[in-house]
Amino acid sequence: MTESIVNDLTIQAATVNGSGSQTANLVLTRAIFHMGIPVAPKNVFPSNIEGLPTWYQLRITPEGHMARSDKVDILIAFNVATWREDLKSVRPGGVVIHEEAFSTADVRTDIVYYPVPFSKLAKSKIQSDTLRKQLANMIYVGVVAGLLGIPWGAIEHGVKRQFLPKPKAVPVNLDAIKVGYDYWQDNFSKQDPYRLEPMTGVVEGKVLVEGNQAAALGALMGGVTVVAWYPITPSSSLCEYLIAYADRFRVDEKTGEKHVSVVQAEDELAAVGMAIGAGWAGARAMTSTSGPGISLMAEFSGLAYYAEVPVVIFDIQRIGPSTGLPTRTSQADIGFVYTLSHGDTKHLVLLPGTVEECYEFARDAFDHSDRFQTPVFVLSDLDLGMNLWMTPEFKYPEKGFDRGKVLSKQDLEKLAGEWGRYRDVDGDGVTYRTIPGTDHPAAGYFTRGSGHDEQARYTESAEAYARNMDRLSRKLETARHALPAPVVEESGASIGLIAFGSTHSAVIEARETLAAAGKAIDYLRVRALPLSDDVAEFVRRHDHVYVVEQNRDGQLFDLIRLALPAQLVERVRSIRHYNGQPIPAAAITEPLIQLEAVPA
Amino acid sequence: MSTTVNRAGLARDAYKGAATTLCAGCGHNSITNHMIKALYELGVEPHLLAKMSGIGCSSKTPAYFVETAHGFNGVHGRMPALTTGAHLANRQLIMLGVSGDGDTASIGLGQFMHMIRRNVDCTYIIEDNGTYGLTKGQFSATADLGSVQKKGAVNTFQPIDPCAVALALGCSFVARSFSGDGKQVVPLIKAAIAHRGTAILDIISPCVTFNDHDGSTKSYSWVKDHEESIADVSFIPYFEEVQVDYEPGTVRDVRLHDGSHILLKKLGDDHDPTDRRAAIKVIEEGRAEGHLVTGLLYVDAEMSDFATTEHIPQRPLKDLGEDELRMTRDEFVQFMSEFA
């Protein structure tokens, strides 16, 4: 047998959706994480309820790489429909655990096979008729535990953690795992080099969180009180988590009254409309959606921009155009969302690149929105939003809410009622607002999406229109400096990378790989639109800068070129990945090796 | 010279708005005046009033009354969504929505229906003229089958009757009236505001420019000739005493949630406004006979409104601070540890 490969492997479970395999995969993930080993799960699932192929990739690296890998070390082949195709994904020398009944005629000979009679074992060893289908998946958890040497204590932890809300389910699941574990011990001797060993030093203080969980928690800590949404993959879980957290933490125990109102609207038009109505009336309000939903929200977003109403809008991006691939990831909404709606509309867009930023940006989006009285979009994606990510624990906020420039009754008394809703008193483009219910005769004004002057009166005056549009530009310029600045990691290299959002994890790994090959590359991660001046300065300091993103047309690449002085434009190049699978590091290293003659 | 003031200490002038920019003689202007009268007489405090609208001639009108109140002229057909959100943010506000037949019965039909389904506490006035005024005279979806456009085109489609739709959905307050009938409109507006839940008030409001000719069923002359009121309506707010001097058996008394009363004096056949099926029948019979039935068609004063159903506190959600919205530091630490 060749030399051992320890804690550095990728497991891929090929199963059937709706069969309970996701639970089995999560148990395995939590068990390995409990051993102190870094895990990076990616769930590739169909837009379907039951019966179609689904894959779960669990990448394990001692360094804690979190990008997807396209090399599979251990395949769990549980789906006869994709069995032949799945075999192709395994790297030479890799391992296949498969249902014994699958035909092995003419299969590859460069990999190790461990056939297991899963169906027979399920029939003979699992007593419960109703749970047999679900528990059959647990058997492969046991086989993998045996194969890789996962201690039984870690498996127990994984099951208990996964069934935290349903502790009664723990024994029956452990029994099913034991069936696979025993089968491994009784029937196989190890023919492959892969092993897992407990580790220290990387995962301490870290937790596993989905981006949508993080964003839901962020919204709660940001003080959201009105949430209106319409179910759509991959955004739904954000509001569902928020409902669960609000029910747990934000219901008055004595009265049963809710401090967060959540409405499942009739469509995305109504969802964003309700959030805008609530924002106008002074609540911290939000909606969350994806692709088709964000298209439907275009008109209302323009109203909120022009009438200057705070609202937070999450877009958990999926593949388009149109319905596209609802369960595949993408970063192709950035260009659309930035100027969502007709006319000269432009928005503040936050671009979280980690689950920790999903939490922080979701929380702070409400401050930005109140301060600048405009919609704030938080652009996440399916990969970030729906997969579990290893992350440091989130920090409790040290600052209170910033509600921005709101005039109270007392303020209006001091001003003797002299104010104008759209009058730029401070020269920063941000005007003062009053909230309905303010008990002063001068508080009321008429909010409208039609042309208005400084006093919010209807006007078709050319001068008033242009003046207002210029002020809105000024306001965005003020906001631009207050949004999260790019994160720059620089060591004087001649070439640089620019990325945003979930591409971050692939960039980290690509830079490590290239540095190991002797080619250091600098990195700037964009975290908000409109773009910071730091982007142009970064380009100025480098010979070539590659913008890496997960869309076909290089949308951030375009936005950056538009923002650059002419002499810098040619320095910027584009790397694009857009097949719906989360970007692997190889999608960055391979073009760079070619284009920059990096020694491979 | 002394000025008469209402219980809010305000004169009638305090309920006026900017000068109207609609056509002289537009039914909507009459409704604006009815609204001013109703709000003044109810003693509504302007700072608690939220005037909401969509897009169209009707939706401009919130600028023409109670200038000191907040107003929101949103996007076409979406007044219900804005109203729902604002109401959730602050239950203390009196939500008064003004829409039109284009705004409600075409693009806004979905939101109209879903607002009713939730029974959001608001008044929803439809200024219904059967035509698109701002875009110069196209038929709207409430235009009757066979009614004639100004240039002679005949409407070939069935009308959508907002009251019939509302009744079919189980709306908790449904009324129809005519802009020229202030005696009926004013008490109906007051009752709609006092009602806790979605109150739909479809007011036929002739468009003098595009839909006031022979062959129209939304013209002043047609409505005057065909209006059939089911009962004389009067409204007694909770802060006034009910003094009835009608003969027993001639008046129905509907008590609203806030203690106000709607008194309905029988005119022809007795209509029970708490009987939804009877209300549908009255509309259908009127339609078959070519009459426009007006008055309070249906009311259910007991139905739970949206915010109550949803356990939203009376104290405005907008006023809650960090200590009431964030989890505590201990809760947060415990919560994070659950992700390990």
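Me: Which residues of helix 5 (residues 109–118) of chain B are buried?

Reply: In this predicted model, they are B:Gln111, B:Phe112, B:Met115, B:Ile116 and B:Arg118.

Me: What puts these buried residues on the same side of helix 5 of chain B?

Reply: Look at the arc. Around the axis, they cover only 165°, and therefore they sit on the same side of helix 5 of chain B.

Me: And what covers them?

Reply: Elements from both chains take part. Chain A lends helix 9 (268–280), while the cover from chain B includes helix 3 (79–89), helix 4 (101–107), helix 6 (162–168), strand 8 (198–204) and helix 10 (306–309). Just after helix 5 of chain B comes B:Asn119, with a positive phi of about 60°.

Me: How many residues of chain A and chain B are in contact?

Reply: 53 residues of chain A are in contact with 47 residues of chain B. To count as a contact, two C-beta atoms must lie within 7 Å.

Me: Which element of chain A gives the most to that side?

Reply: Helix 9 of chain A does, with nine residues. By class, the side of chain A that touches chain B has 28 nonpolar, 16 polar and nine charged residues.

Me: What makes strand 18 of chain A and strand 2 (residues 70–73) of chain B a pair?

Reply: Count the bridges. A pair needs at least two bridges, and these strands have three, running in the parallel sense. One bridge partner of A:Arg448 is B:Asn73 in strand 2 of chain B.

Me: Let's go to helix 16 (residues 462–482) of chain A. How does its reach compare with what is expected?

Reply: Helix 16 of chain A has 21 residues, and from its first C-alpha to its last it reaches 31 Å. The expected value at 1.5 Å a residue is 30 Å, and the two are close.

Me: Why do the buried residues of helix 16 of chain A line one face?

Reply: The buried ones are A:Asn468, A:Lys475 and A:Ala479. Seen down the axis of helix 16 of chain A, they fall within an arc of 35°, so they line one face of the helix. What covers them includes strand 15 (348–350) and helix 13 (355–372) of chain A. Turned away from that buried side are the exposed residues A:Ala462, A:Glu463, A:Ala466, A:Asp470, A:Glu477 and A:His481.

Me: A:Met469 is in helix 16 of chain A too. Why is A:Met469 called partly exposed?

Reply: A:Met469 has 13 C-beta neighbours inside 10 Å. Buried needs 20 or more and exposed needs 12 or fewer, so a value in between is called partly exposed. That is where A:Met469 ends up, with its 13.

Me: Why is strand 21 (residues 522–526) of chain A said to be largely enclosed?

Reply: Five of its five residues are buried, so the rest of the structure largely encloses strand 21 of chain A. Both faces are covered: A:Asp522, A:Leu524 and A:Val526 are buried on one side, A:Tyr523 and A:Arg525 on the other.

Me: Which strands pair with strand 21 of chain A, and in what sense?

Reply: Strand 19 (residues 487–489) of chain A pairs with strand 21 of chain A in the antiparallel sense over three bridges. Strand 20 (residues 495–500) of chain A does so in the parallel sense over five bridges. A:Tyr523 turns up in both pairings: A:Glu489 stands opposite A:Tyr523, and A:Leu497 has A:Tyr523 as its bridge partner.

Me: What about A:Asp106 and A:Ala456: what is phi in each?

Reply: Phi of A:Asp106 is near 60°, a positive value in a residue other than glycine. A:Ala456, which is not a glycine either, has a positive phi of about 70°.

Me: How do you know whether each is buried or exposed?

Reply: Count C-beta neighbours again. A:Asp106 has 7 inside 10 Å, so it counts as exposed; the cut-off there is 12 or fewer. A:Ala456 has 21 other C-beta atoms within 10 Å, so it is buried; the cut-off for that is 20 or more. A:Asp106 is in the loop between strand 6 (90–99) and strand 7 (112–116) of chain A, and A:Ala456 is in the loop between strand 18 and helix 16 of chain A.

Notes
Residues are numbered from 1 along each chain as its sequence is written. Chains are lettered from A and ligands numbered from 1 in the order in which they are written. This is a predicted model: local features need pLDDT of at least 70, side-chain atom pairs count only at pLDDT 80 or more; totals for chains, interfaces and linings use all residues. Helices (H or I, at least four residues) and strands (E, at least two) are DSSP runs, numbered from the N terminus. The arc is that of the directions from the helix axis to the C-beta atoms. Ala, Val, Leu, Ile, Met, Phe, Trp, Tyr, Cys and Pro count as nonpolar, Asp, Glu, Lys and Arg as charged, and the others, Gly among them, as polar. The expected span of a helix is 1.5 Å times one less than its number of residues.
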